[in-house]
Amino acid sequence: MKKILQVLMVLLIGISIVTLPIGGVKAAGFSDISALKKEIDYLTKKKVINGYNDGTFRPSVLLTRAQAVVMIMRSIGMPETELKDSGFNDVSPTSFGYKEISYAVGAGIINGKSKVRFDPAGNITRAEMAKVLGNAYKLVGVYEPGFTDVSANSWAFIFISSLAANNITVGYTDGTFRPTQPIDRAQFSAFLARIMEPSFRPSTSKIDHSIVDLPMESTIIDMVKNPNKPIIYYIDAKSKSLVILNLATKAKQVVELRHPAEKLAIKNDKVFVTQQIQARSPYNFIETQRGLINVYDADNLSLLKQVEVNIEPYDIAVDDAETLIISSGSGQHTEVHTYNWQTSEHLSSADIWDEDLIELSPNQGKVYSVLTSHYTGRMETYSLVAGIIKKETTEPRFFDTSNLRGYVQMSPDGKVIYNGNGTIYASSSDPSKDLTPLGKLATPFSTMTFDEPGKKMYLADNSTQISVYKYDLLEPTSTLRAYGKVNQLIYVKETGELYAISAYKQGGSTVDSTILERFNVGK
């Protein structure tokens, strides 16, 4: 008799999760809910969970493994594939949650206690909860502060860490997570609602910041963002490859390169990558130089064309007409060339110093160069008309603020040029005003990115500090602290997130790993 009563209790609890309550109990009408009311109402309206017939939710009732699986499968949707029996002796076709358990086990969301035992009526712990939610929603991330009661050697570490990295849990005020503690209906509902609806995630006194748990190469030397999607492309010199990474889905694709690459550009859904096919040397004069430009489809990195160029490519820019503008990395007094990549036709050339970085103005009519191979620095300007590049007579400028760095970046509106040493110059069609010094930022930088809608700039200089500036201010308005030393920054307007590629010593290692960090700075 006692066993029959236990079975009936499990069935009654199960029914309360998956069936609509009798008597028209509304989602917002639970008589015993005060805390986590919005999250529980949300899940009820989504028909993920329901209350009891008496109008209660019973938030402190411990959740069973079967109930947890039913809630998760309701939240992500049941697949349309053929159902395969999971083979558990304690889960039959008449059991509560039989279909959900079978699908969840088949999808790798949850495991049984053994090959033949699932333990559907057993309580689910906070650690087990982290694992099934992480598997179901493919959560990734590393919560660098950690929890005092979750060892890095624990099987649950990666699941609990990713849950915290995505701000779905903050743990307890004493710094613990309490992984072995059973979870009740209210707690599980809160975690699930926070995953499904990010606005429920708890706010903190600081910007959400996490290490994105992705295998990152150790020698990323150039990176660009797709202008219309949360996708980045980067060159890994160590593996000699081009990588596309979707920051929203974490999907990643790698294309091996035959030759060393240094720079890339994106234009009109195409990615252009320099290919160095001869050793760089100041004695490789223009008559002997050669190189390649690989052109890829930006969506799938299929190779569209390999363009042969009679220059040893150092930096590359591409205008709206897809004219290639390439500076030389070899020689001394060398050249910058333009090409039609579809026909491989050489269009024009102009004098330039070797290893000059180039920046194309937003109106496509001007190219700026900055010298990287000399300690004093030098900036020059070129006109670009219908693919033809010509060196302009630049008004003599004495860059007396400090030596220029071999790094330039133009503001999105095309009115200002920033040099890595912190100096700011005007970009103007009037030669008398072009490259006029406008001031100097409080910090030098080696990487910079813009939040154009928010009128903010983020910059870093191979340290853990990221300085945040307003466009019209020369002093940082705030700072962010990265885990590693930042060498690349990208702002993703689609998600309001700032990404940093940085060098970080994980777990007490003496060797740097290249990691991807994420800051939720807001749209």
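This report walks through the overall make-up, cores, pocket, cavities and salt bridges of one predicted protein model.

## The chain as a whole

Let's start with the big picture. The protein chain is built with seven helices and 28 strands. Of its 523 residues, 52% are buried. Another way to look at the chain is through its contacts: among those with a separation of 6 or more, 52% are between residues 24 or more positions apart.

## The largest nonpolar core

Which residues touch the most other members of the largest nonpolar core? They are L43, M71, M129, L133, I160 and F188, in a core of 51 residues. Several helices take part here: α2, α3 (65–76), α4 (98–106), α5 (126–137), α6 (157–165) and α7 (185–196) each bring at least two residues to this core. The largest share belongs to α3, which supplies seven residues.

I160 is a good residue to find on your screen. Setting aside residues up to four places away in sequence, I160 touches A127, A130, F147, V150, F177 and P179.

## A second core

There is also a second, separate core, made of 16 residues. Among its members are I235, L264, I266 and L301.

## A close look at I466

Now pick out I466, which sits in strand β24 (residues 465–470). Is I466 buried or exposed? With a relative accessible area of 0%, I466 is buried, because buried means a value under 20%.

What does I466 contact, apart from its neighbours within four places in sequence? The list is Y458, L459, A460, S478, T479, L480, A482, V486, L489, L498, A500 and F519. F445 offers a distance to check as well: its C-alpha atom and that of I466 are separated by 9.5 Å, and the two residues are 21 residues apart along the chain.

## The largest pocket

The largest pocket has a volume of about 1,800 Å³. Its lining is made by 47 residues, and M223, V224, K225, E359 and Q409 are the ones nearest the centre. By type, the lining holds 26 nonpolar, 13 polar and eight charged residues.

Which elements give two or more residues to this lining? They are β2 (220–225), β6, β10 (313–318), β14 (356–360), β18 (408–410), β22 (447–451) and β26 (485–492). Of these, β2 gives the most, with six residues.

## Cavities

The model also has two cavities of 30 Å³ or more. The second largest cavity holds about 30 Å³ of space. Its lining consists of Y143, G146, F147, V150, F157, I160 and S161. Five of these lining residues are nonpolar and two are polar, with no charged residue.

You may recognise I160 in this list: I160 lines the second largest cavity, and I160 is also one of the residues that touch the most other members of the largest nonpolar core. Two more residues of the cavity lining, F147 and V150, are touched by I160.

## Salt bridges

Side chains of opposite charge can pair when their charged atoms come close. How many salt bridges does the structure hold? The count is 16.

One of them joins K37 and D41, with the closest N and O atoms 3.4 Å apart. Both residues lie in helix α2 (residues 37–45), and their spacing of four residues is about one turn of the helix. The two partners differ in their surroundings: K37 is partly exposed, with a relative accessible area of 31%, whereas D41 is buried, at 9%. Another salt bridge links D54 with R58, whose closest N and O atoms are 3.2 Å apart. R58 counts as partly exposed, at 34% relative accessibility.

A third example is E262 with R280, where the closest N and O atoms are 2.7 Å apart. E262 lies in the loop between β5 (252–256) and β6 (264–267), while R280 lies in the loop between β7 (270–275) and β8 (291–297), so this pair ties together parts that are 18 residues apart in sequence. Both partners are partly exposed, E262 with a relative accessible area of 22% and R280 with 25%. Finally, salt bridges with shared partners join K225, K493 and E494 into one network. K225 appeared earlier too, among the residues nearest the centre of the largest pocket.

How values were computed. Residues numbered from 1 in each chain as written. Predicted model: local features only at pLDDT ≥ 70, side-chain atom pairs only at ≥ 80, totals over all residues. Heavy atoms only, no water. Salt bridge = Lys/Arg side-chain N within 4 Å of Asp/Glu carboxyl O. Buried < 20%, exposed > 50% of the residue type's maximum accessible area, 1.4 Å probe, protein only. 1 Å grid on protein atoms, 1.4 Å probe; cavity = no way out; pocket = protein on both sides within 12 Å on 5 of 7 lines; lining within 4 Å. Points joined across faces, edges and corners; volume = space filled by probe spheres on them. Nonpolar A, V, L, I, M, F, W, Y, C, P; charged D, E, K, R; others polar. Contact = heavy atoms within 4.5 Å. Core = buried A, V, L, I, M, F, W, Y, C linked by side-chain atoms within 4.5 Å.
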